[in-house]
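My notebook is open and I am ready to poke around. These entries follow the order in which I looked things up.

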Amino acid sequence: MDALPRCTLLKSRLTFWFTEDQVTQPNTPDALFNEIDSRRDDLIALTQDLIRIPTLNPPGTNYLEICEYLAGRLKASGFSVEMIRAEGSPGDSDQYPRWNIVARHDGQGPGECVHFNSHHDVVEVGNGWTFDPFGAELKDGKIYGRGTCDMKGGLAASIIAAEAFIAMHPDYHGAIEISGTADEESGGFGGVAYLAERGWFDPKRVQHVIIPEPLNKDRICLGHRGVWWAEIETKGRIAHGSMPFLGDCAVRHMGAVIAEMEGTLFPLLASKRTEMPVVPEGAKQSTLNINSIHGGEAEQAEDYTGLPAPCVPDRCRMIIDRRYLIEEDLGEVKGEVLAMLDYLKDTRSDFDYEIRDLHEVIPTMADKNAPVVQTVARAITKVLGRGPEYVVSPGTYDQKHIDRIGRLKNCIAYGPGILDLAHQPDEWIGVEDMIDSAKVMALSLQELLAGR
Ligand SMILES: [Zn+2]
């Protein structure tokens, strides 16, 4: 093993000692905590108002309405507000415009800027609800509705945290920004990516980013795995279905691809383990999902009552969703699949294929010693009486754009809500969890902007 540089060792020992020391401290009652507790009803009402604006994506409904609501709220709290439409981004149209809002509050002197970024879109409702998905009913300390946990509850908690902090520290230095952005659920191109391309996340203007996605109130999410989506097509030759020997079945060739995946690729991926603290445990390895396969004639409409024509399929397409680790290189990831396909080309008669890249995201992970990580870790310890768990998300979220386009590394996801409830029927957020995470966010602001 390589020797660690002395300063790194010292630093890690200090960090360890510091965290342990804080764990043993009792919860200190704090004026800031009382201020947040006093805003409980406001927090509930704010969350309910946000849920009652259905911002379904796709197609992207009521984006203007939710941005106008947030603008009204934040202007009243002394923020200046900019509304930005991501014109020309995927899905943007006059019927479904991609609206974003960035609100900024400047303190009494120069200092750093802390930015809270939440997406305001929610996924489709789906079946199985026993509550009104847009009713935002409060029952037994939980608010129910689509987007409560992912992630309007986190957005509301960050607003309450900022407002409470400003009330307690009107003389703070630096700035606070709160953004509500579009389309995270469909890739974030009309939201954070659009803003990042226009300099909104330039490290010269923003120094710390917290994304209140529902990762549980005691976890700090440092980043996410990488993604590669591709479409593999196997080639065949059409012929009459009664004489398949006169054609060449593209679906059988795809069957050989799947057999090769089962025999060599899946075991190879399962053998790759990451040092990233990915949750859940199963996602600590490389994974590949066969997203879909289509071969043969196009599917007919559901009301078509006729039979298919007897043909040998001359093409078959498969979409793969490969999630990769920070230790892997994207070229190597693609190379494994290409090597498998080339092997089949060499060994299986008449096998031919094409492959097309569809989408790729580089893995990202903030340094555990980054300032925003350490600040939020200390705040969690103070509020919850125990240190945080550091995690990495199996799937991606908007941190990718802040890192890759904005070049801003000092970014984490931290917010209330139980990750497993995201996109589920009867999604809910616990009021107590929102209060606790608002305290963590406010305490982080206090350390970063008020030096306490
Ligand atoms: Zn989300």
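**Buried ends of a metal site**

I checked two residues to start: His119 is buried, and Glu213 is buried as well. I should say right away that this is a predicted model.

**Confidence check**

I looked up how sure the predictor is. The protein chain has an average pLDDT of 92, and 94% of the residues score at least 70. Residues 1-29 are another story, with pLDDT below 50; that stretch has 16 contacts in the model beyond near neighbours in sequence. Note to self: where pLDDT is low, the predicted coordinates should not be read in detail.

**The zinc ion**

Which residues coordinate the zinc ion? I found His119 through NE2, Asp150 through OD, and Glu213 through OE twice, at 1.9 to 2.7 Å. Along the sequence, the donor residues follow the spacing H-x30-D-x62-E. His119 sits in strand β3 (residues 109-119), while Glu213 is in the loop between β7 (208-211) and β8 (219-224), so this pair ties together parts that are 94 residues apart in sequence.

Then I looked at the angles. The 4 donor atoms subtend 52 to 146° around the zinc ion, so the arrangement is irregular. To count as tetrahedral, four donors would need all their angles between 85 and 135 degrees. For my own reference, the ideal angle for four tetrahedral donors is 109.5 degrees.

**Strand β3 and its partners**

I stayed with β3, since His119 belongs to that strand. In β3, 8 of the 11 residues are buried, so the strand is largely enclosed by the rest of the structure.

Which strands pair with β3? One is β6 (residues 173-181), which runs parallel to β3 and is joined to it by 8 bridges. Here His115 stands opposite Glu177. Another is β7, also in the parallel sense, over 3 bridges. Val114 has His208 of β7 as its bridge partner.

**A three-stranded sheet**

Next I traced an open sheet of 3 strands: the order is β4-β5-β16 and the pairing is antiparallel. Its edge strands are β4 (138-139) and β16 (428-430), each pairing on one side only. I counted the links from β5 (residues 142-144) to β16 and got 3 bridges. In one spot Lys142 stands opposite Gly430 of β16.

Helices lie across these strands too. Helix α5 (residues 148-168) crosses β5 and β16, at about 40° to β16. Helix α11 (residues 431-449) lies across β4, β5 and β16, and its angle to β16 is about 60°.

**Two single residues**

Is Asp403 buried or exposed? Its relative accessibility is 9%, so Asp403 counts as buried. I found Asp403 in helix α10 (residues 399-404). Leaving out residues up to four places away in sequence, Asp403 touches Thr364, Leu408 and Lys409.

Pro277 is in the loop between α7 (250-270) and β10 (287-295). With 25% relative accessibility, Pro277 counts as partly exposed. I also looked at which residues Pro277 meets beyond four places in sequence: Lys284, Met365, Tyr390, Val391 and Val392. I singled out Val391, which is 114 residues from Pro277 in sequence but 5.0 Å away in space, C-alpha to C-alpha.

Notes:
Residues are numbered from 1 along each chain as its sequence is written. This is a predicted model: local features need pLDDT of at least 70, side-chain atom pairs count only at pLDDT 80 or more; totals for chains, interfaces and linings use all residues. Side-chain values use heavy atoms; hydrogens and water are left out. Donors are N, O and S atoms within 2.8 Å of the metal (3.2 Å for Na, K and Ca); water is not among the atoms, so sites may look incomplete. Four donors count as tetrahedral if all angles lie between 85 and 135 degrees; four count as square planar and six as octahedral if opposite donors are over 155 degrees apart and all others between 65 and 115; anything else is irregular. Helices (H or I, at least four residues) and strands (E, at least two) are DSSP runs, numbered from the N terminus. Buried means under 20% relative accessible area, exposed over 50%, partly exposed in between (1.4 Å probe, protein chains only). Two strands pair if DSSP finds at least two bridges between them. Contact means heavy atoms within 4.5 Å. Axes are lines fitted to C-alpha atoms, for helices over the stretch in contact, and angles run from 0 to 180 degrees between N-to-C directions. pLDDT is the predictor's confidence in each residue, from 0 to 100.
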